[in-house]
Amino acid sequence: MTESKEHDLRQTDIGDNRGQWGDTQHDIFDMQRLGKRQEFKRNFGFLATLGFVSIYLATWEYVLVSLSAGFINGGFGGLFWTFIGTVICYATIVASLAEMESMAPTSGGQYHWVSEFAPAEYQRFLSYSAGWMSTLGWLASMASSVFVCATLVEVCADVLNSEFGFTNWQYTLLMLGFIALTIGFNTVGSRTLPMLQTISLFGHFAGFVVVLIILWVMCPRNSASDVFTSFVNSGGWSNMGTACLVSQVTVMYCNLGSDSVVHISEEVEDASLVVPRVMWWSYVFNVIMGIIMLISRTPLAA
């Protein structure tokens, strides 16, 4: 078959299938180029996709609930400068992942990219390894997320009754309940997910403003030197550098997740354009809000 006939056939296929799954011409061409068949309806637009990844990142929310170890290992100043250094370095990873997503917008994500871009003789092994690493990461992420949700429920109850505390089995049941709720939204309620993600996006920003106002108005203020130059090593480590590196684990926890949206690429309209953009801008916006919340939160630990 001549090159011109192949081009005409490809254009005919695109014309016949345009819109069948809510996909655009770019989506159809990308799937054909990658040798994949469209299996999902593309019902995530730009805002819904931005909401998906922004809520998963939840940087300013996690700054409030997961950085307590940093105040012992590094202190206010150590935690702040570790946060700044980490998000700058991690931005290069987010940019690299977004670039690969623009080239291969499939739900496989990392394992698919490795199979495409690694040297031919190592593709199978490295792709298999990347797939398992991603799977284990998602399992750990799911477990930690429902644990944080269960902890927040306990904290809310503790406000009303200071002597209240969940037993281990109660914690476990509550976590299983959150998992069941998540499965329900992703199966039976899958059609409502784009709308819920869009609403959650506005709630994400509105909640930031509300909490920030409360902190600025009602909390005591530390001096700038306490916030930016006060370093603490109360964890028993041999030096301050090690203490700050320990706190970096919690800092990373606040900023992970930009790649999560990759795994719904085949449900996003114009995925090769939309997904890389929301990966980058959701990271930028979340980091900015996280830094502001980190500076505002420091008086709470004083």
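The following exchange concerns a predicted model of a protein chain.

Trainee: How many helices and strands does the secondary structure of the protein chain come to?
Mentor: The model is predicted, and its C-alpha atoms fill a box of roughly 75 × 40 × 35 Å along the principal axes. Within the protein chain, the secondary structure comes to 13 helices and 2 strands.

Trainee: What percentage of the 302 residues in the protein chain is buried?
Mentor: The chain exposes about 16600 Å², of which carbon and sulfur atoms supply 67%. A residue counts as buried when its relative accessible area is under 20%. By that criterion, the buried share of the 302 residues is 38%.

Trainee: What share of the contacts with a separation of 6 or more comes from residues 24 or more positions apart?
Mentor: Contacts here are heavy atoms within 4.5 Å. Among those in the protein chain with a separation of 6 or more, residues 24 or more positions apart account for 77%.

Trainee: How far apart do the centres of the positive and negative side chains lie?
Mentor: The two sets consist of 13 positive and 23 negative side chains. Their centres lie apart by 5 Å.

Trainee: How many salt bridges does the structure hold?
Mentor: Side chains of opposite charge can pair when their charged atoms come close. The pairs include D27 with R42 and R33 with D30. The number of salt bridges in the structure is 3.

Trainee: Which parts of the chain does the pair of D27 and R42 tie together?
Mentor: The closest N and O atoms of D27 and R42 are 3.7 Å apart, forming a salt bridge. Because D27 lies in helix α2 (residues 25-33) and R42 in a loop, the pair ties together parts that are 15 residues apart in sequence. Those parts are helix α2 and the loop between α2 and α3 (46-57).

Trainee: Is D27 buried or exposed, and is R42 buried or exposed?
Mentor: The relative accessible area of D27 is 1%, and that of R42 is 3%. With the limit for burial set at under 20%, D27 is therefore buried. By the same limit, R42 is also buried.

Trainee: By about how much of the helix are R33 and D30 separated?
Mentor: The side chains of R33 and D30 meet in a salt bridge at 3.1 Å, N to O. R33 is partly exposed at 43% relative accessible area, whereas D30 is buried at 9%. Because the two are 3 residues apart in helix α2, their separation is about one helical turn.

Trainee: How many residues apart are E266 and K36, the pair that links distant parts of the chain?
Mentor: E266 and K36 form a salt bridge, with their closest N and O atoms 4.0 Å apart. E266 is in the loop between α12 (240-255) and α13, while K36 is in the loop between α2 and α3, so the pair is separated in sequence by 230 residues.

Trainee: Which of E266 and K36 counts as buried, and which as partly exposed?
Mentor: The relative accessibility is 5% for E266 and 31% for K36. Buried requires under 20%, and exposed requires over 50%. Accordingly, E266 counts as buried, and the partly exposed residue is K36.

Trainee: Which backbone oxygen does the side chain of S282 reach?
Mentor: S282 is placed in helix α13 (residues 271-297) and is buried at 0% relative accessibility. Not counting residues up to four places away in sequence, S282 touches L50, V53, S54 and L57. At 3.2 Å, its side chain reaches the backbone oxygen of M279.

Trainee: Which backbone oxygen does the side chain of Y283 reach?
Mentor: Y283 lies in helix α13 and is buried, with a relative accessible area of 4%. Beyond its neighbours within four places in sequence, Y283 has contacts that include L57, Y90, A91 and N255. At 2.6 Å, the side chain of Y283 reaches the backbone oxygen of V87.

Trainee: What is the approximate phi of A58?
Mentor: A58 lies in the loop between α3 and α4 (59-66) and is buried at 7% relative accessible area. Its phi is positive in a residue other than glycine, with a value near 45°.

Trainee: Where is D270 placed?
Mentor: D270 has a positive phi near 50° and is a residue other than glycine. Its place is in the loop between α12 and α13.

Key
Residues are numbered from 1 along each chain as its sequence is written. This is a predicted model: local features need pLDDT of at least 70, side-chain atom pairs count only at pLDDT 80 or more; totals for chains, interfaces and linings use all residues. Side-chain values use heavy atoms; hydrogens and water are left out. Helices (H or I, at least four residues) and strands (E, at least two) are DSSP runs, numbered from the N terminus. Buried means under 20% relative accessible area, exposed over 50%, partly exposed in between (1.4 Å probe, protein chains only). Accessible areas come from the Shrake-Rupley method with a 1.4 Å probe; for residues, only the protein chains shown count as cover. Lys and Arg count as positive and Asp and Glu as negative; His and the chain ends are not counted. The place of a charge is taken as NZ of Lys, CZ of Arg, CG of Asp or CD of Glu. A polar contact is a pair of N or O atoms within 3.5 Å; within protein, one must be able to donate a hydrogen and the other to accept it, and residues adjacent in sequence count only if both atoms are side-chain atoms.
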